[in-house]
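Here are my notes on the model you sent over, set out as numbered points. I hope they help as you look through the structure.

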Amino acid sequence: MKERKGLIIGSVIMIAIFVLMFIKGEPSKSIMVWIAAILTLSIYSFLYKDNVFYKFAEHLFVGVSVGYSVSVVWQNAFIRRVFDPLFITRTYIVNDKFSLYLFLGIVIPTLLGLLMLSIFTKKQAWLIRIPIAFVVGSYAGMGIAPSFQANIFEQTRSTLYVTLSISASIMIVGVISTLVYFFFSKEHKGLLGKTANLGIWFIMIAFGASFGYTVMARISLLIGRMQFLLHDWLGVIK
Amino acid sequence: MRRKIPLAIAFVFGIIMIIQFFIPHRISVEFYRNMLNALVIVGIFYYILAVSSLIRVHRGKIKRKKPGWGYSYVTLISLVVTAVIGVLGGAYQATRITSWFVQHFHWQIEQGTGLMVIYTYIQIPMGATMFSLLAFFIASAAFRAFKARSLTAVLLLVTAFVVMLGRVPIGALLTRRLPEIFHLTNIVEWILKYPNMAAQRGILMGIGLGMIATSLKIILGIERGYLGGGD
């Protein structure tokens with residue numbers, strides 16, 4: 001019964017689209033625009049309920065997205081940073097002299113990366129820990145100093161470096177109370193509890209603002225899709 | 001041995017990268033650049049694992065005929081087709097293969113490569129539609145989740161409402177007769193600049209301190225979760 005109802009609603013929407021298209025529209029002649037429009041409608045069909053068209057589009061989206069990133073990684077990372085420097089441009093030959101440092105700069109990470117494939121073996125699978133440790137350790141080391149600089153020093157400086165005004169005082173109180181809220185080493189009681197409560201107020205304002213922006217971003221995307229369907233595809237609006 | 005070597009590698013490279021930050025010498029900068037390049041190269045192989053994992057999951061679904069296994073074919077076929085078009089035909093610049101097809105079949109590829117055609121007409125529309133779908137669900141979810149039960153929930157809802165209203169023309173229109181300080185656009189500006197920024201800064205500082213603590217734990221070998229289980 002429910003499926004029949006869905007079928008009827010879907011058919012009515014499709015008929016309305018076609019009537020609109022033939023009476024008032026100037027439909028696109030590009031087959032790719034039609035594909036994009038059909039996929040768009042397939043995804044919107046989820047608004048009624050999960051169905052075959054949505055599932056098809058969803059799985060297609062996953063496949064295409066991964067396929068696209070495979071191509072980008074192949075082109076931007078493998079060809080540009082491994083294959084070309086090793087075999088085509090030979091960046092390790094400087095002024096007709098072989099530079100071992102530059103050569104190893106390409107070969108060692110490639111070999112390290114190849115160790116990742118050890119996961120496919122049973123006995124040597126532990127070797128995958130070596131490239132993981134290299135990446136995790138390096139990024140951990142790279143992150144410490146910039147994190148101090150950007151997240152601690154810069155934020156503190158910007159908070160304190162303000163003019164004497166009510167707004168600036170709100171800023172200082174807000175930062176301190178938010179930090180107090182995230183301080184869990186002592187029970188939130190008494191003055192600490194009250195300050196933490198004030199912190200929640202500030203956090204809620206920030207979450208509210210972020211939520212408002214998120215909703216607006218989504219609605220703006222929705223307007224974009226509607227414009228695509230009515231302008232690019234059907235040509236109903238100019 | 002199987003744990004000590006990786007821990008030693010993480011320690012050595014972690015310490016080297018910390019020290020490198022404080023040495024502005026040309027060699028140090030060059031070393032940093034090479035390290036970034038090396039990390040990208042290792043990342044390629046991470047990607048191989050990720051894709052093989054996706055393929056394995058879908059192959060398993062097909063093999064065991066799990067509910068909805070037919071859709072796994074859609075994912076696998078679209079993945080292979082897109083990857084082949086991108087790898088052989090070129091990602092951003094047309095390869096000889098693409099040029100051959102263009103010449104022999106008189107194709108006109110506005111976007112330059114087949115991959116970019118897929119990107120423009122399949123990936124972007126579907127991605128935008130998926131996210132725009134959230135416009136409907138976010139509203140109903142917000143209604144259910146943020147029922148104004150407490151003062152903090154009211155604060156969140158009111159802020160969200162004011163920010164949304166203040167960022168559209170009708171917001172400015174509604175308050176245009178009031179003194180300038182009460183114009184909705186100015187109120188939103190103030191909310192974003194002070195109370196919102198105060199909380200964001202507090203959160204950012206917390207994130208920073210958390211990152212530093214976790215990084216130190218990794219470098220010193222206290223945090224070993226990334227090594228996985230086993231010996």
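1. Let me begin with the charged pairs. A search of the whole structure, which is a predicted model, turns up 4 salt bridges over all chains. One that can be described in detail is in chain A: A:R157 pairs with A:E154, and their closest N and O atoms are 3.2 Å apart. Both A:R157 and A:E154 belong to helix 5 (residues 129-160) of chain A, where they sit 3 residues apart, about one turn of the helix. As a general reminder, side chains of opposite charge can pair when their charged atoms come close.

2. Next, the make-up of chain A. You will find 7 helices and 2 strands there, and along the sequence they follow the pattern α-α-α-β-β-α-α-α-α. Chain A has a radius of gyration of 29 Å, well over the 18 Å that the globule rule gives for 238 residues, so chain A is more spread out than a compact globule. Taken along the principal axes, the box filled by its C-alpha atoms is roughly 70 × 65 × 45 Å.

3. Chain A is also divided into domains: domain 1 (1-84), domain 2 (90-145) and domain 3 (159-221). Between the C-alpha centres of domain 1 of chain A and domain 3 of chain A the distance is 41 Å.

4. Now chain B. It has 9 helices and 0 strands, so to speak a run of α-α-α-α-α-α-α-α-α from the N terminus on. The radius of gyration of chain B is 27 Å, well over the 17 Å from the globule rule for 231 residues, so chain B too is more spread out than a compact globule. Its C-alpha atoms fill a box of roughly 65 × 60 × 50 Å along the principal axes.

5. How is chain B divided? The assignment gives domain 1 (1-64) and domain 2 (67-133), with C-alpha centres 29 Å apart. Where these two domains touch, domain 1 of chain B gives 7 residues and domain 2 of chain B gives 6 residues.

6. The contact between those two domains of chain B buries about 620 Å², with 80% of that area from carbon and sulfur atoms. On the domain 1 side, B:H58, B:K61 and B:I62 lose the most area to domain 2 of chain B, together 69% of what that side buries. The rule finds 0 salt bridges across this interface, and the count of residue pairs in polar contact is 1 (both at pLDDT 80 or more). The residues on the domain 1 side that touch domain 2 of chain B comprise 4 nonpolar, 1 polar and 2 charged.

7. The interface between the chains deserves a point of its own. Here 113 residues of chain B are in contact with 111 residues of chain A. The size of an interface is often given as the accessible area lost when the parts come together. For chain B and chain A that figure is about 10,200 Å², 80% of it on carbon and sulfur atoms.

8. Which elements of chain B give two or more residues to the side that touches chain A? They are helix 1 (4-21), helix 2 (26-63), helix 3 (69-89), helix 5 (114-145), helix 6 (151-166), helix 8 (184-193) and helix 9 (195-219) of chain B. The residues of that side divide into 80 nonpolar, 25 polar and 8 charged.

9. Finally, what kinds of pairs join the two chains? Across the interface of chain B and chain A the rule finds 0 salt bridges, while 12 residue pairs are in polar contact (both at pLDDT 80 or more).

Technical notes
Residues are numbered from 1 along each chain as its sequence is written. Chains are lettered from A and ligands numbered from 1 in the order in which they are written. Side-chain values use heavy atoms; hydrogens and water are left out. Contact means heavy atoms within 4.5 Å. Buried area is the accessible area (1.4 Å probe) that two parts lose on being put together, summed over both. A salt bridge is a side-chain nitrogen of Lys or Arg within 4 Å of a carboxyl oxygen of Asp or Glu. A polar contact is a pair of N or O atoms within 3.5 Å; within protein, one must be able to donate a hydrogen and the other to accept it, and residues adjacent in sequence count only if both atoms are side-chain atoms. Helices (H or I, at least four residues) and strands (E, at least two) are DSSP runs, numbered from the N terminus. Ala, Val, Leu, Ile, Met, Phe, Trp, Tyr, Cys and Pro count as nonpolar, Asp, Glu, Lys and Arg as charged, and the others, Gly among them, as polar. Domain bounds come from an automatic or database domain assignment. The radius of gyration is taken over C-alpha atoms; the globule rule is 2.2 Å times the number of residues to the power 0.38.
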